[in-house]
Amino acid sequence: MSQPRTAMRADRTDRTAPRILLYSHDTFGLGHLRRSRTIAQALVSAFPDASALILTGSPVAGRFDFPERVDHVRLPGVVKLRDGRYTAQNLGLPIEEMTAMRAEIIRAAAHSFRPTLVIVDKEPTGLHGEFLPALELLKEQGRTRVVLGLRDVLDAPDALQPEWERKDALAAIRRYYDELWIYGLREVYQPLAGLGLPPDVEARLRYTGYLRRGTPPDAVLDTAPYVLVTPGGGGDGGPLIDWTLAAYESDPSLEPRAMIVYGPFLDGAMRKGFAKRIRRLKGRVEAMDFHSRMEELYAGAVGVVAMGGYNTFCEILSFDKPSVIAPRIRPRMEQHIRASAAEALGLTRMLDPERDGESPQVMADAIRALPTRLPPSAYPLPGLLGGLDGVVALARDALAEPTANQTAMRA
């Protein structure tokens, strides 16, 4: 049941400090959580009286430090199987029970936190529709601006269209969302092009630029030259690490040394096999499981070897590092599309097995060339790294603008 009109007005009057709720389903990897954390930090820095709450399914959320006035609620974990289905990570419950339980937690958090701004990462209805009850609650209460945040690339249009149709994404956007913020540049890629968006949805699109990352003020940098090798969360990073190790094994003269960060989701047996190979390389390659302040490693590197997920790409641009990107093509074409577009603009070098081959020497040559490659700043694009400023400006406008429900009540 909706609140009386007078109660709703009193509630808004009593609560002037912005409350920002960020949701990311986080079934796998680190990308959604790291993006939400970066945005939350920028918003509470821009609005000194604001607080931000992140709802995340990431199993490693507790490994990260959260800034002052930012906290998180850890949703019970689910994982995506190779066949595309989801299952409970630890509880052993059917996925329907898991998402129903997560939906109750999400709705309760939205009800208790009473956000003035909600930013939903990527999935308009949440995992298996788990965010819909909260969206309906927020719409009924009529005091919250709701935004869908999208990375620069989602997938190839011929794969994205049926996925959005299956999830009824456009209907949810038209009913619940005030704006869609795309964390990229139109000149690099337009993630919703080819979907035939209706004019009212097109009018809600806002491009922010990429999200800049900075070096922590207390960072300790390694001064000896190294190439940073990062497969992101690591769950599908085995081929990149294998290719990199093969390059150093096949070419004893290959320099500089490599610093590999496996990521928390790399398979344990694979990790042990890599460790044996690294020991035989006698210091030319080092590895670690996880680093909560990756910015330090980017800042100290002479170049980066990566798969090219969204956060990695932002860090490559932010720290102005020459890079080699070897993207995956399954289960999505996202990384390949991003790397191909970035290479065309001079921002990176892509390794495509079909075009370049996949021998150890191909990777060795790419690594050896990194210290002399031009950085991304040699190919300037206006507004390329303006994403956080763009998000703050859009949030300021959103917080100042009444919702459709509020406008109707005042009339």
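Here are four short exercises with worked solutions on this predicted model.

**Exercise 1: the open sheet**

Work out in which order the seven strands of the open sheet lie, and which strands are at its edges.

*Solution.* Begin with the order, which reads S3-S2-S1-S6-S7-S8-S9, with parallel pairing. Next, look for strands that pair on one side only: these are S3 (70-74) and S9 (205-207), the edge strands. Then check the twist: on average, and ignoring direction, neighbouring strands are turned by 25° against each other. Now add a helix. H3 (residues 95-113) packs on the sheet, where it touches S1 (19-24), S2 (51-56) and S3. The direction of H3 makes about 170° with that of S1.

To zoom in on one pair, take S7 (residues 145-151) and S8 (residues 179-183): they run parallel and are joined by five bridges. In this pair, Leu150 stands opposite Ile182 of S8.

**Exercise 2: two helices side by side**

Find how H8 and H9 are oriented towards each other, and which residues make their contact.

*Solution.* First locate the helices: H8 covers residues 238-250 and H9 covers residues 268-280. They pack at an angle of about 15°, and their axes are 11 Å apart. Because angles under 35 degrees count as roughly parallel, H8 is roughly parallel to H9. Their crossing is left-handed.

Now list the contact residues:

- From H8 come Gly238, Ile241, Asp242, Leu245, Ala246 and Glu249.
- From H9 come Met270, Phe274, Arg277 and Ile278.

Finally, sort them by class: the contact has six nonpolar, one polar and three charged residues.

**Exercise 3: the buried side of a helix**

Identify the buried residues of H14 and the elements they pack against.

*Solution.* H14 spans residues 360-369, and its buried residues are Val362, Met363, Ala364, Ala366 and Ile367. A useful reminder here: an α-helix has 3.6 residues a turn, so residues three or four places apart point the same way. Then turn to the surroundings. The buried residues of H14 pack against the strands S10 (226-230), S13 (303-306), S14 (323-325) and S15 (349-350). They also pack against two helices, H8 and H13 (353-356).

**Exercise 4: one histidine**

Decide whether His336 is buried or exposed, and name the residues it contacts.

*Solution.* Start with its place: His336 lies in H12 (residues 334-344). Its relative accessibility is 17%. Since buried means under 20%, His336 counts as buried. For the contacts, set aside neighbours within four places in sequence; His336 then touches Pro327, Arg328, Ile329, Met350 and Asp352.

Methods: Residues are numbered from 1 along each chain as its sequence is written. This is a predicted model: local features need pLDDT of at least 70, side-chain atom pairs count only at pLDDT 80 or more; totals for chains, interfaces and linings use all residues. Side-chain values use heavy atoms; hydrogens and water are left out. Two strands pair if DSSP finds at least two bridges between them. Helices (H or I, at least four residues) and strands (E, at least two) are DSSP runs, numbered from the N terminus. Axes are lines fitted to C-alpha atoms, for helices over the stretch in contact, and angles run from 0 to 180 degrees between N-to-C directions. Contact means heavy atoms within 4.5 Å. Angles under 35 degrees count as roughly parallel, over 145 as roughly antiparallel, 65 to 115 as roughly perpendicular and the rest as oblique. A crossing is left-handed if the near helix is turned anticlockwise from the far one by less than a right angle, and right-handed if clockwise. Ala, Val, Leu, Ile, Met, Phe, Trp, Tyr, Cys and Pro count as nonpolar, Asp, Glu, Lys and Arg as charged, and the others, Gly among them, as polar. Buried means under 20% relative accessible area, exposed over 50%, partly exposed in between (1.4 Å probe, protein chains only).
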